[in-house]
Amino acid sequence: KEMYDKISTDTPIVLHDEKGCEVIVNGKIICEHFCETLKNISVNGAGDVFAKFFLEKYFVHGVGIEGASEYALQSATSFLKFRSNK
C-alpha cells in the first residue's frame, strides 16, 4: 500500500491486503475497512477474488465505491475461509 501513498489522481485506487482495504483519491484515504487476519490458509488468488466481488457490486449492481469495497472485503474473506474448510 505504501507504494501508492504519494500518487495524486482523481481516479480511485482500491487497495487490499490481509488487514483490510482502502480507497485512495488524490492521495487521501476516502474510505477504509478492516478484517480479521486469516491464519494458516491459502490466500492464493485472494486479489482476484476481491476484484471479482468489488467489480460485480460496483458495476453490475451500482453500489458506491465505499459499499462495494466493504462488500468485496467481507465476501473475499468468507470465500477464503470456506475454501480452506473443504
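Start by selecting helix α1 in this predicted model: α1 lies across β1 and β2, and its direction makes an angle of about 135° with β1. Now add the second helix to your selection. α2 lies across β1, β2 and β3, running at about 35° to β3.

**Stop 1: the sheet beneath the helices**

Hide the helices for a moment and colour the strands. You should have an open sheet of three strands in the order β1-β2-β3, with antiparallel pairing. β1 and β3 stand at the edges with a single partner strand each, so one side of each has no neighbour in the sheet. Look along the sheet and compare strand directions: neighbouring strands are turned by 15° against each other on average, direction ignored.

Next, go through the pairs. β1 and β2 are joined in the antiparallel sense over five bridges. To see one of them, pick Val14, whose bridge partner in β2 is Val23. Then move on to β2 (residues 20-25) and β3 (residues 28-34), an antiparallel pair joined by six bridges.

**Stop 2: the hairpin turn**

Zoom in on the end of that second pair. Here β2 and β3 form a hairpin with two residues between them. Select Val25 and you will find Lys28 of β3 standing opposite. In the turn, click on Asn26 and check its backbone: phi is positive, about 50°.

**Stop 3: Phe54**

Bring the helices back and select Phe54, which sits in α1 (residues 46-60). Is Phe54 buried or exposed? With a relative accessible area of 9%, Phe54 is buried, because the cut-off for buried is under 20%.

Which residues is Phe54 in contact with, leaving aside its neighbours within four places in sequence? Show Val14, Ile65, Ala68, Ser69 and Ala72 as sticks, and you have the set. Val14 is the residue you met earlier as the bridge partner of Val23. For a distance label, try the C-alpha atoms of Phe54 and Thr11: they are separated by 16 Å, with their positions 43 residues apart along the chain.

**Stop 4: the largest pocket**

Finally, display the pocket surface. The largest pocket has a volume of about 200 Å³. Of its 13 lining residues, select Asp17, Glu18, Leu38, Val43 and Leu80, the closest to its centre. Two elements give two or more residues to the lining: β1 (13-17) and α2 (65-84). The largest share, four residues, comes from α2. Colour the lining by residue type to finish: seven residues are nonpolar, three polar and three charged.

Terms used. Residues numbered from 1 in each chain as written. Predicted model: local features only at pLDDT ≥ 70, side-chain atom pairs only at ≥ 80, totals over all residues. Heavy atoms only, no water. 1 Å grid on protein atoms, 1.4 Å probe; cavity = no way out; pocket = protein on both sides within 12 Å on 5 of 7 lines; lining within 4 Å. Points joined across faces, edges and corners; volume = space filled by probe spheres on them. Nonpolar A, V, L, I, M, F, W, Y, C, P; charged D, E, K, R; others polar. Pairing = 2+ DSSP bridges. Buried < 20%, exposed > 50% of the residue type's maximum accessible area, 1.4 Å probe, protein only. Contact = heavy atoms within 4.5 Å. Axes fitted to C-alpha atoms, helices over the stretch in contact; angles between N-to-C directions.
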